[in-house]
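Got a two-chain model open and wondering what to look at? Let's go through it by asking and answering.

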Amino acid sequence: MTIDMNNASAVTLRVNGTDYPMLLETERNLLGAIRDEVGLTGTKEGCDDCECGACMVLVDGQPVNSCSYLAVQAQGREITTIEGLADGQQLSELQAAILEAGGVQCGFCTPGMLMSATALLDRNPSPTREEIKVGLGGNLCRCTGYGRILDAVERAVTIR
Amino acid sequence: MSFAIATTLDQALAAIADGARPIAGGSDLVVGARHGKAPLPESLVAIDRIAELAEIKAGGDVTRIGAVVNHARLMTDPTVVGNYTALADAAALVGSPATRNVGTLGGNIMNGSPAMDTGAPLVVMGAQVELQSTGGTRTLSIAHLWDAPGSNTAAAGELCTAVLLPPPGDRCGSAYVRLEYRRAMEIAVVGAAAAVVLDEAGAIVNARVALAAVAPTIIEVDGIEDLVAGRALDDDGRAAVADAASSQASPISDMRASDAYRRHTVGVMARRALDAAVRRALGEEIAVPVNRALGIGAA
């Protein structure tokens with residue numbers, strides 16, 4: 001199957017289990033489609049250069065820097081954003097753990113951190129602290145100094 | 001601007017013959033476009049859903065790694081980690097989990113950065129690159145793939161479809177190490193890969209060393225066998241290899257390092273890569289990546 005599109009074309013993106021039809025230009029990034037077309041603003045734009053991880057989402061369960069990923073490439077894939085982690089009012093274990101560990105200061109990096117950590121625990125349910133550092137290697141935080149974020153992931157592992 | 005998703009190789013080759021540029025993860029193409037380095041091509045064809053390009057096939061007289069196999073898989077695949085360990089070392093150092101998830105082997109080698117991590121390992125392991133077009137298939141030695149920084153020798157209409165590696169042998173070992181200032185989202189300041197074959201007594205039968213980020217392309221160091229073959233690796237051999245690597249490098253100065261610093265440190269990296277390759281060939285387990293296992297690079 002080949003889908004041919006010119007300029008703005010009709011695309012459906014599946015975000016957190018819901019299909020969102022939209023018009024997209026080829027050059028639109030996934031971050032922009034999620035924030036401006038779907039209207040979910042938990043995913044942040046930091047560097048817009050694939051360096052800081054504030055825009056991290058999961059595509060088919062794997063972490064992706066959505067600032068530097070074409071939205072049209074995500075057709076037919078399952079996209080998960082920070083809004084998809086909680087079950088109603090019930091926070092995910094990682095969300096609860098980062099609150100309890102005090103791993104949030106300004107909060108700008110938090111959604112990306114949680115998406116990377118979610119992907120990490122999905123592929124490695126009991127990582128060492130060193131493996132957690134590698135798993136969060138693509139996420140920058142300019143407030144906390146990382147210690148409490150790492151503590152939070154360790155906490156989520158132990159309460160599982 | 002047009003965009004198509006190919007699900008078969010024939011669809012992709014037809015689109016490329018019509019002038020489309022292939023895109024897998026987009027980690028070079030999209031980042032470059034957003035940075036203003038180069039606008040996105042007018043026509044794109046996505047190749048990341050073509051199943052046959054995502055296969056790793058071992059056995060027989062060649063090991064075939066599909067062009068859209070990503071770095072996350074290279075660093076954990078048992079065939080790669082067990083037999084082509086330098087490539088796993090390199091893949092594990094690339095970017096972050098997200099970068100390693102979207103970035104592909106074909107993309108890395110075709111992007112042609114002289115600082116690429118996967119290139120030097122592929123050179124020392126004798127890789128061939130498979131290029132396909134609607135007109136047919138050809139293979140070339142990977143050393144002939146690059147002609148200048150950010151450039152490759154593929155013709156218009158050709159798609160990199162696989163990297164081909166010789167089958168693993170007995171008493172083989174390989175390693176890739178790099179100098180880096182931080183552990184994640186880093187580009188090699190300099191890098192070196194080594195591959196060796198030993199005899200039953202542990203003497204070196206065959207050795208190759210290649211260097212990253214010290215020349216306009218990845219380069220192989222000439223004359224390594226004359227320096228180390230016929231005996232077990234010793235301090236004279238280590239020093240001679242480091243000197244050869246430094247003297248054959250032609251590095252530039254840029255924001256990451258001066259030419260003099262690169263020339264010196266690439267010798268150190270070549271010596272360490274050779275050392276790790278020999279230890280692996282002798283049966284020692286050194287975990288992937290060597291940089292972390294042996295504490296090389298950023299603390």
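What follows is a set of questions and answers on a predicted model.

Q: How far apart are the C-alpha centres of domain 1 and domain 2 of chain A?
A: Start with the division of chain A, which gives domain 1 (9-84) and domain 2 (93-158). The two do touch, with 16 residues of domain 1 of chain A in contact with 13 residues of domain 2 of chain A. Their C-alpha centres are separated by 21 Å.

Q: And for chain B, what is the distance between the C-alpha centres of domain 1 and domain 2?
A: The assignment for chain B lists domain 1 (1-50) and domain 2 (172-293). Going from one C-alpha centre to the other, the distance is 35 Å.

Q: Are α3(A) and α5(A) roughly parallel or oblique to each other?
A: Helix α3 (residues 110-123) and helix α5 (residues 147-158) of chain A pack with their axes 11 Å apart, at an angle of about 40°. Roughly parallel would need an angle under 35 degrees. The angle therefore makes α3(A), relative to α5(A), oblique.

Q: Which residues of α5(A) does α3(A) meet, and is the crossing left-handed or right-handed?
A: On the α3(A) side, the residues involved are A:M113, A:A117 and A:L121. Across from them in α5(A) sit A:I149, A:V153, A:A156 and A:V157. As for the way α3(A) passes α5(A), the crossing is right-handed.

Q: What covers the buried residues of α10(B)?
A: Helix α10 of chain B runs over residues 235-248, and its 14 residues reach 20 Å from first C-alpha to last, close to the 20 Å expected. Its buried residues are B:G237, B:V241, B:A242, B:A244, B:A245 and B:S246. The cover over them includes, in chain B, β13 (204-212), α9 (224-228) and α11 (259-281).

Q: Are α10(B) and α11(B) roughly antiparallel or oblique?
A: These two helices pack at about 140°, with 7 Å between their axes. Only angles over 145 degrees would count as roughly antiparallel. So α10(B) and α11(B) come out as oblique.

Q: Which residues of α11(B) make the contact with α10(B)?
A: The crossing of α10(B) past α11(B) is right-handed. From α10(B), the contact uses B:R238, B:V241, B:A242, B:A245, B:S246 and B:S247. From α11(B), it uses B:R263, B:H264, B:V266, B:G267, B:A270, B:R271, B:L274 and B:D275.

Q: How many residues of α5(B) are buried?
A: Helix α5 of chain B covers residues 85-93 and is mostly covered. Among the buried residues are B:T85, B:D89 and B:L93. Just after α5(B), B:G95 has a positive phi of about 45°. The count of buried residues in the helix is nine of nine.

Q: Is B:I109 buried or exposed?
A: B:I109 belongs to helix α7 (residues 105-111) of chain B. Beyond its neighbours within four places in sequence, its contacts are B:M116, B:T118, B:L122, B:V129, B:I142, B:L145, B:W146, B:C160 and B:V163. Its relative accessibility is 0%, so B:I109 counts as buried.

Q: Is B:D10 buried or exposed?
A: B:D10 is part of helix α1 (residues 9-17) of chain B. Its C-alpha is 7.7 Å from that of B:T134, although the two are 124 residues apart along the chain. With a relative accessible area of 62%, over the 50% cut-off, B:D10 is exposed.

Q: What is the phi of A:D48?
A: A:D48 sits in the loop of chain A between α1 (30-38) and β4 (56-59). Most residues other than glycine have a negative phi. A:D48 is not a glycine, yet its phi is positive, at about 55°.

Q: Is B:R171 buried or partly exposed?
A: B:R171 lies in the chain B loop between β10 (159-165) and β11 (172-179). It is not a glycine, but it has a positive phi of about 55°. Since its relative accessibility is 35%, B:R171 counts as partly exposed.

Q: What is omega for the cis peptide bond between B:V288 and B:P289?
A: B:P289 is in the loop of chain B between α11 and α12 (290-293). Most peptide bonds are trans. The bond joining B:V288 and B:P289 is cis, with omega at about -5°.

Key. Residues numbered from 1 in each chain as written. Chains lettered and ligands numbered in written order. Predicted model: local features only at pLDDT ≥ 70, side-chain atom pairs only at ≥ 80, totals over all residues. Heavy atoms only, no water. Helix = DSSP H or I, 4+ residues; strand = E, 2+ residues; numbered from the N terminus. Expected span 1.5 Å × (residues − 1). Buried < 20%, exposed > 50% of the residue type's maximum accessible area, 1.4 Å probe, protein only. Contact = heavy atoms within 4.5 Å. Domains from an automatic or database assignment. Axes fitted to C-alpha atoms, helices over the stretch in contact; angles between N-to-C directions. Parallel < 35°, antiparallel > 145°, perpendicular 65-115°, else oblique. Left-handed = near helix turned anticlockwise from the far one by under 90°.
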